[in-house]
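Hi,

Here is the structure I promised to send over. Have a look at it first, and then read on for what turned up when I went through the charged side chains.

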Amino acid sequence: MKARVIVTLKNGVLDPQGKAIEGALGGLGFDGVGSVRQGKVFDVELTGADAAAAKANLEQMCEKLLANTVIENYAIEIV
């Protein structure tokens, strides 16, 4: 089973990397970019066929390692 975990900064948390990308896009001539927020994507391959158990396991992975839940949100997709 494959899963995708998307980790993004919470609203209100400063994102200097996103701001730098925003500036670079403007410098490259891309007009109309209001703002950019960066994040992380983890593609995880899991053994087993129980989607509910996999999702629960992935939530524990996010809480313990993949995301800093103080400043980041995460979303889990079973694909």
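**Salt bridges**

Glu-22 and Lys-19 sit three residues apart in helix H1 (residues 16–27), so about one helical turn separates them. The two form a salt bridge, with 3.8 Å between the closest N and O atoms. Their surroundings are not alike: Glu-22 is buried at 19% relative accessible area, because the cut-off for buried is under 20%, while Lys-19 counts as exposed at 55%.

Bear in mind that this is a predicted model. Searching the whole structure gives three salt bridges, so here are the other two.

Asp-43 and Arg-4 pair up through their side chains, at 2.6 Å from N to O. This salt bridge links distant parts of the chain: Asp-43 belongs to strand E2 (residues 39–45) and Arg-4 to strand E1 (residues 2–9), 39 residues apart. Asp-43 is exposed, with 54% relative accessibility, and Arg-4 is partly exposed, with 33%.

Then there is Glu-72 with Lys-40, whose side chains meet in a salt bridge at 3.3 Å, N to O. Here too, distant parts of the chain are linked, with Glu-72 in strand E3 (residues 72–78) and Lys-40 in strand E2, 32 residues apart. Glu-72 counts as buried at 11% relative accessibility, whereas Lys-40 is partly exposed at 33%.

As for the general idea, side chains of opposite charge can pair when their charged atoms come close.

Cheers

Key:
Residues numbered from 1 in each chain as written. Predicted model: local features only at pLDDT ≥ 70, side-chain atom pairs only at ≥ 80, totals over all residues. Heavy atoms only, no water. Salt bridge = Lys/Arg side-chain N within 4 Å of Asp/Glu carboxyl O. Helix = DSSP H or I, 4+ residues; strand = E, 2+ residues; numbered from the N terminus. Buried < 20%, exposed > 50% of the residue type's maximum accessible area, 1.4 Å probe, protein only.
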